[in-house]
Amino acid sequence: MADTPPTYVLYIDDDAGLRRLASRSLARHGFVVTVAEGGAEGVALAREQRFDLIAVDHYMPGMDGLETLGHLTALPDAPPVVYVTGSEEGRIAVAALKAGAADYVVKSVGADFFDLLASAFAQVLERAKLERDKHAAEQMLRASNARLEALLREVNHRVANSLQIVSAMVRMQSTALADENARAALEDTQRRITAIAQVHRRLYTTNDVEQVDMREYLRALVDELGETWSSDAEPRTLSLSAEPIRLATDRAVSLGVIVTELVSNACKYAYPLKAGEVRIALSQVDGDQFQLAVEDDGVGMDVAAPARGTGVGTKLIRAMAQSLHTIVEYDVGHRGVRATLRAALG
């Protein structure tokens with residue numbers, strides 16, 4: 001086993017007799033002691049040499065203990081300081097602790113004083129070690145978290161890129177089909193892939209790799225849906241009102257797919273052969289929940305009637321809502337179609 005390295009102590013006191021006693025007594029406790037006869041000399045020594053601990057007496061001519069303490073604590077990588085006071089000077093001890101002293105010892109006559117001083121040194125050194133260990137552990141934890149976040153960001157980047165490739169493949173396949181129904185089904189699939197890819201794109205382009213800013217996400221998603229569904233012949237205006245709610249990745253994906261399906265349905269069926277608006281709103285309600293509303297002022301729908309298309313969209317909406325532990329409800333009193341859902345934020 002390696003020998004324990006020596007502990008270097010600087011003892012500052014204007015009393016020559018106490019300096020000699022300190023050197024002998026503290027050496028018996030295993031400390032390597034350097035003495036200084038005043039504050040100015042002590043500060044100069046502390047600048048030149050590395051000490052593990054410093055003891056400072058309060059009453060000294062010229063630069064007193066508190067002034068000396070101020071200079072010592074201002075040094076780069078300053079060692080802990082134990083302050084030495086008189087027996088009836090509690091207020092001075094408090095002032096020293098507030099000024100940065102690690103501990104204090106009441107000066108007394110006899111060997112007991114140096115035993116107490118050595119004991120204070122041992123406690124201060126132990127606290128300093130614990131603080132260093134804590135700091136090192138926190139640094140390691142921060143470094144580990146940074147590596148994990150970088151890895152997650154890279155994973156999200158790769159997933160987004162892969163989904164983009166899949167989306168491009170689906171688009172190529174749809175353009176090669178003559179069957180209008182088959183082409184429309186693949187285009188719907190492409191939009192669903194895009195909704196999921198947008199989540200992962202948000203995760204790798206922001207500092208938070210675990211949650212999605214739904215306002216920014218929905219804004220990008222709604223912009224893409226608007227470019228898809230709006231044309232000169234049948235213009236569609238998509239308006240978004242969203243609060244800056246943050247959701248975990250899986251919940252963001254579910255909500256994004258629901259928005260894609262509801263907006264697509266509105267754009268397809270609400271305004272036959274004419275212009276129209278679709279409004280999307282996301283807000284926080286009751287403190288720990290969010291509410292989504294997608295509405296139009298179109299021809300309306302019969303909720304009990306069978307789906308107009310393949311029915312896949314309706315099944316997806318239901319499945320995504322179930323993953324959020326909620327359901328999508330339709331306001332029968334609304335002029336067109338108004339679909340809402342409410343779910344927990346976490």
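This section describes selected local features of a predicted model, beginning with a helix and a strand and ending with salt bridges.

A good place to start is helix α2, which spans residues 39-48. Five of its residues are listed as buried, namely Gly 39, Gly 42, Val 43, Leu 45 and Ala 46. These residues lie on the same side of α2, because they cover an arc of only 160 degrees around the axis. The other side of α2 carries Ala 40, Arg 47 and Glu 48, which are exposed. The buried residues of the helix pack against three strands, β1 (7-12), β2 (31-36) and β3 (53-57), and against helix α3 (65-73).

Strand β5 also has two contrasting sides. Asp 103 and Val 105 form its covered face, while Tyr 104 and Val 106 make up the uncovered one. This pattern will look familiar: in a regular strand the side chains alternate between the two faces of the sheet. The pairing partner of β5 is strand β4 (residues 81-85), and the two run in the parallel sense, joined over four bridges. Within this pairing, Thr 85 has Val 106 of β5 as its bridge partner.

Asp 103 deserves a closer look. This residue belongs to strand β5, which covers residues 103-106. Asp 103 is buried, yet no salt bridge accompanies it. Its nearest side chain of opposite charge belongs to Arg 127, at 4.2 Å. Because a salt bridge requires a side-chain nitrogen of Lys or Arg within 4 Å of a carboxyl oxygen of Asp or Glu, the 4.2 Å separation from Arg 127 does not qualify. Arg 127 is nevertheless among the residues that Asp 103 touches. Leaving aside residues up to four places away in sequence, the other contacts of Asp 103 are Val 81, Val 82, Tyr 83, Leu 97, Ala 120, Gln 123 and Val 124. Of these, Val 81, Val 82 and Tyr 83 fall within the residue range of strand β4 (81-85).

Aromatic side chains offer another view of the model. A search of the whole structure finds two aromatic pairs. One of them joins Phe 31 and Phe 121 in an edge-to-face arrangement, with 5.4 Å from centre to centre and 85 degrees between the planes. The pair links distant parts of the chain, with Phe 31 in strand β2 and Phe 121 in helix α5 (residues 111-175), 90 residues apart. Both Phe 31 and Phe 121 are buried. Strand β2, where Phe 31 is found, is also one of the elements against which the buried residues of α2 pack.

Backbone geometry brings two loop residues to attention. Most residues other than glycine have a negative phi. Leu 273, however, has a positive phi of about 60 degrees although it is not a glycine. Leu 273 sits in the loop between α8 (249-269) and β9 (276-285), and its relative accessibility of 73% makes it exposed. Asp 286 likewise is not a glycine and has a positive phi, here about 55 degrees. The loop that holds Asp 286 lies between β9 and β10 (289-296). With a relative accessibility of 58%, Asp 286 counts as exposed.

Turning to charged side chains, the count comes to 17 salt bridges. One of these is formed by Glu 37 and Arg 19, at 4.0 Å from N to O. Glu 37 lies in the loop between β2 and α2 and Arg 19 in helix α1 (residues 16-28), so the pair ties together parts that are 18 residues apart in sequence. The two partners differ in their surroundings: Glu 37 counts as exposed at 52% relative accessibility, whereas Arg 19 counts as buried at 13%.

Other salt bridges stay within a helix. In helix α5, Glu 154 and Arg 158 lie four residues apart, about one turn of the helix, and their closest N and O atoms are 2.9 Å apart. Glu 154 is partly exposed at 34% relative accessibility, and Arg 158 is exposed at 55%. Helix α6 (residues 180-204) holds Asp 188 and Arg 191, three residues apart, again about one turn. The closest N and O atoms of this salt bridge are 2.3 Å apart. Asp 188 is buried, with a relative accessible area of 13%, and Arg 191 is buried as well, at 10%. Elsewhere, salt bridges that share partners join Glu 277, Arg 279, Glu 295, Asp 297 and Arg 338 into one network.

Notes
Residues are numbered from 1 along each chain as its sequence is written. This is a predicted model: local features need pLDDT of at least 70, side-chain atom pairs count only at pLDDT 80 or more; totals for chains, interfaces and linings use all residues. Side-chain values use heavy atoms; hydrogens and water are left out. Buried means under 20% relative accessible area, exposed over 50%, partly exposed in between (1.4 Å probe, protein chains only). Lys and Arg count as positive and Asp and Glu as negative; His and the chain ends are not counted. Contact means heavy atoms within 4.5 Å. The arc is that of the directions from the helix axis to the C-beta atoms. Two strands pair if DSSP finds at least two bridges between them. Rings of Phe, Tyr and Trp (its six-membered ring) pair if their centres lie within 6.5 Å; planes under 30 degrees apart count as stacked, over 60 as edge-to-face and the rest as tilted.
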